[in-house]
Amino acid sequence: MFHLSLGRKTTGKKIVDSATPLARFRRILECNNRIMERVARMEQALGGEYVFDQAFLNSSLEELSSLVREVIYCLNALTDHSFNSLYPVFTDIADHLADLVAGGPGHFDRFLVLPYRLVNRDLDYLVGGKNAVLGEVGNQLNIHVPDGFVFTTAAYRCCLAENNLGERIDAILKGTETNGEKEFAIRELFDGFSFPSELVAVVKEQLVELRERQPTTRELAVRSSAVGEDGVRSFAGQFLSVLHVKPKTSKVLEAYGRVLVSRFSSKVLDYLGSEITADEYPMAVGVQTMAEAKAAGVLYTVDPATPSAETMVISAVTGHGAGVVNGTTISDSYVLDRHSPFKLLESDIVTESRTKPLADGLNSTDFYHNGMRRGSAMLSLDQLRLLAETALVLEKSFEGPLDIEWAMNDHGITLLQSRPLKLPVRPPPQPAEIVEALRRAEVLMHGRGQVVQLGVAAGPVVHVDRDTDPDSFPVGGIAVARHSSPRFSPIVRKAAAILTDVGSPTGHLATIAREYHTPALFGTQLATSILTSGEEITVDVEAREVYRGRLDLLVRTESAREGVYLYSNELRVLRRLLRKIAPLNLIDPSSSGFVPENCRTLHDIIRFSHEKAVEGLIDLHGESKAAMESYTSRPLEASIPINIRIIDLDPDKDQKGKASQPITPQEVRSLPFKALLSGLLRGDAWAKDSEPFGIKDLMSSFSRPLSQLVNPPAYAGVNLAIVAHDYCNLSLRLGYHFNVIDAFLSEEAEDNYIYFRFVGGFAEDDKRRRRAELIGLILASLHFRVEQRGDLLTAKAKMLDGSEMEYILNRLGELVAFTRQLDVRMTDETAVNQFFNQFLEKYGHSAREEVSDV
């Protein structure tokens with residue numbers, strides 16, 4: 001039997017090794033890349049790119065477990081065991097994965113009741129088809145669904161066992177009576193029905209928690225959700241749902257019992273046939289809040305009457321939409337274009353006078369209770385567009401046309417139900433048609449980038465960067481970005497496809513793209529410069545081609561691909577595993593929630609560890625003096641007005657014994673430090689004359705002890721560069737200000753970063769603040785993320801390719817020289833813009849756009 005290597009030992013014990021901090025950091029990066037490569041292979045297998053077996057699952061988890069544990073160990077070794085709390089988090093996740101890969105049901109199989117926040121589509125065997133979809137939509141897609149909980153199939157079986165009903169029902173079902181007679185006999189069995197005490201207790205507990213979350217709730221809906229419902233069999237209208245139930249334990253259990261009995265109604269028995277037992281198609285039941293609805297209805301993401309017309313259909317009534325579903329109410333109907341901005345093509349508006357007589361004194365232009373005029377449409381154009389956007393996000397996730405029940409109030413849309421929309425199979429285009437269409441198509445980009453997620457998509461180009469509001473991104477747009485930042489994850493689920501200049505299939509955003517089935521091509525180098533915002537394009541990821549315009553034949557070929565594998569038993573285990581491995585919940589390192597306890601997946605753990613490892617490495621210059629003196633230190637020989645000593649963490653044999661000998665810029669082997677030096681060595685960057693200072697500057701310097709400005713490094717008073725081939729940490733003390741530049745430069749853009757910190761100065765407070773503000777503006781023009789508090793400034797840029805790293809480090813060298821002693825000249829607020837423009841004019845980098853937007 002397969003066992004995960006959980007490694008519970010030494011979770012709180014220090015393990016001493018001889019590895020340097022930089023070696024540990026490099027090992028974290030190496031493990032991180034191997035983890036993401038393995039996750040990518042698992043996601044590709046889930047997408048049907050190749051077949052796999054149990055051995056693949058076993059070896060994948062064993063490798064992931066070993067690598068993630070090593071990441072945690074290296075992080076704690078690097079940070080003096082600051083994050084030992086990651087070990088129990090990892091152990092919990094690994095235990096869950098071990099259960100799943102062994103064929104176990106996971107944590108919830110014996111739960112009688114589950115809150116919706118714990119439900120997803122892979123729990124359909126436990127919560128039924130409808131509830132599984134609601135949980136998936138609310139928890140994974142962040143679309144609003146009713147709050148509540150689910151009576152699981154375990155509760156169904158427990159109730160039958162408690163009342164000794166299973167065998168007695170089966171005996172009735174095997175009889176020769178009519179289905180109507182069988183229903184009557186089974187109902188008699190339920191007359192003396194009692195609920196297990198443990199079920200009563202958990203229902204009472206769930207209702208208390210629900211009232212705490214939703215204190216204004218006055219009524220509940222108790223809805224059927226049988227296993228297999230809305231799957232191969234739709235069961236549409238077969239089972240009972242009870243509305244307007246008071247949120248009391250006795251009332252909810254009474255409604256639950258009525259829904260259970262409906263499992264054996266004559267129409268259900270007619271629908272299923274005679275060869276069934278009580279244990280087949282077990283009944284789960286959802287208990288949901290009933291919010292006041294101003295409008296409700298049904299949406300078909302494809303018009304069943306004209307499936308090829310690229311339109312969707314919406315029906316709407318005021319209030320709750322039960323009448324639309326059961327066909328007893330006349331509704332407004334709308335036909336919309338399926339593509340953004342979802343143009344309204346047709347509408348049939350029902351006036352009040354067509355449904356019932358008007359009361360005395362009212363006419364067809366009076367107001368409804370919801371503020372709309374009689375005779376006007378139930379839904380505005382904005383509301384129609386919002387429904388259309390929501391529907392296409394759902395359709396993309398479930399990979400096929402959908403039949404959606406919805407409700408709307410002042411707070412937005414609530415999804416009530418979503419099921420596959422059964423349509424005639426449309427044959428794919430003939431190969432000759434596709435060949436001819438491709439021959440005539442204009443190719444905008446060919447053979448560029450790396451495949452992240454296969455697929456074909458068409459839509460308008462939408463350029464995105466760190467300032468893009470995800471809510472403003474149009475559903476169905478083609479997202480085009482400079483970098484593959486995880487911050488774009490809310491956009492990925494709305495995008496038809498995503499293209500980036502920089503990025504790889506093993507990055508964080510790549511995992512998110514595969515999670516949402518968004519066709520993605522990363523590392524194209526040219527997408528942002530070639531593709532114009534607003535133009536329609538078609539992306540074929542597998543061919544690595546981008547065409548001008550919308551190639552409907554190519555899109556149709558892709559849409560004809562069967563999505564049945566999403567629900568096959570063979571892939572269920574892999575999908576359930578990936579839910580605890582791949583999703584990224586910790587996105588913003590600056591958030592207060594970026595803590596070990598909030599890591600819910602292996603991806604969260606390595607993301608957290610990577611960020612904290614970078615921070616730990618940045619503090620490398622703060623090691624003890626004794627530790628630093630164990631390295632070879634050599635002075636830099638250069639024509640600049642500051643002295644720098646260099647410690648090489650990867651010295652070659654020739655450097656040993658040369659501590660007293662200067663090192664020339666030509667001998668520097670560190671890639672990031674060499675790029676930084678090229679800016680520092682620019683002679684015209686350094687001011688030749690002493691800067692004038694006033695009495696306030698002098699008094700300010702007297703009142704501020706040096707120890708209060710910064711914590712000095714081990715080489716106090718010395719400008720120190722700690723370098724390796726791919727790493728540089730430059731600590732500069734220039735007069736009364738202190739500057740740290742920390743950079744890692746490798747072939748993997750996902751691993752690269754630059755950190756910049758600046759504090760202090762000789763001049764008075766306002767002048768120092770203005771200089772920090774100036775530096776912040778310059779860094780922001782290089783697309784750093786900048787934070788400033790007084791004269792303290794920190795900035796980060798990451799996910800940069802090699803050429804970008806070298807370019808920006810060169811500019812930082814010039815910036816260090818340009819701003820030295822500049823604080824005393826920042827006499828008023830106009831000086832900030834004056835020197836900002838002067839720097840841009842002098843060093844001319846404002847025209848360069850290929851810089852980090854992360």
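Visitor: What makes helix α23 a helix that lies across strands, and at what angle does it run to β23?

Guide: Helix α23 (residues 671-680) crosses β21, β22, β23 (727-734) and β24 (737-744), contact being heavy atoms within 4.5 Å of each other. Its direction is at about 35° to β23, on a scale of 0 to 180 degrees between N-to-C directions of lines fitted to C-alpha atoms, for helices over the stretch in contact. The model is predicted: local features need pLDDT of at least 70 and side-chain atom pairs pLDDT 80 or more, while totals for chains, interfaces and linings use all residues. Residues are numbered from 1 along each chain as its sequence is written, and side-chain values use heavy atoms, without hydrogens and water.

Visitor: How do you know that β21 and β22 pair, and in which sense?

Guide: Two strands pair if DSSP finds at least two bridges between them. Strand β21 (residues 644-648) and strand β22 (residues 719-724) share 5 bridges, in the parallel sense, so they qualify as a pair. Within this pair, Asp-648 is placed opposite Val-723 of β22. Helices (H or I, at least four residues) and strands (E, at least two) are themselves DSSP runs, numbered from the N terminus.

Visitor: What is the strand order of the open sheet of 8 strands, and what makes a strand an edge strand there?

Guide: The order is β20-β21-β22-β23-β24-β25-β27-β26, and the pairing is mixed. β20 (633-635) and β26 (785-789) each pair on one side only, which marks them as the edge strands. From one strand to the next the twist averages 15°.

Visitor: What do β26 and β27 form, and which residue in the turn has a positive phi?

Guide: They form a hairpin with 2 residues between them, and Gly-790 in the turn has a positive phi of about 65°. β26 and strand β27 (residues 792-798) are antiparallel, with 5 bridges. Glu-787 faces Thr-794 of β27 across the pair.

Visitor: Why is the pair of Phe-25 and Phe-744 called edge-to-face?

Guide: Rings of Phe, Tyr and Trp (its six-membered ring) pair if their centres lie within 6.5 Å; planes under 30 degrees apart count as stacked, over 60 as edge-to-face and the rest as tilted. Phe-25 and Phe-744 have centres 5.2 Å apart and planes at 75°, so both criteria for an edge-to-face pair are met. Phe-25 belongs to helix α1 (residues 21-46) and Phe-744 to strand β24, so the contact ties together parts 719 residues apart in sequence. Both residues are buried, that is, under 20% relative accessible area (exposed is over 50%, partly exposed in between; 1.4 Å probe, protein chains only). The whole structure holds 13 aromatic pairs.

Visitor: How do you know that α17 is largely enclosed?

Guide: Of the 8 residues of α17, 7 are buried, so the rest of the structure largely encloses this helix. The buried residues are His-508, Leu-509, Ala-510, Thr-511, Ile-512, Ala-513 and Arg-514. Their cover includes α1, β13 (450-453), α16 (489-492), β16, β17 and α21 (602-618). Just after α17, His-517 has a positive phi of about 55°.

Visitor: What kind of unit do β16, α17 and β17 make?

Guide: β16, helix α17 (residues 508-515) and β17 make a right-handed β-α-β unit: with the strands pointing away from the viewer, the path from the first strand over the helix to the second runs clockwise. β16 and strand β17 (residues 520-522) are parallel, with 2 bridges, and Ile-498 has Ala-520 as its bridge partner in β17. Strand β15 (residues 478-483) also runs parallel to β16, through 5 bridges, with Val-480 opposite Leu-499. In β16 (residues 497-502), 6 of 6 residues are buried.

Visitor: Why is Arg-770 called buried?

Guide: Its relative accessible area is 10%, so Arg-770 falls under the 20% limit. Arg-770 is part of helix α26 (residues 765-781). Beyond its neighbours within four places in sequence, Arg-770 is in contact with Met-826, Thr-827, Asp-828, Glu-829 and Val-832.
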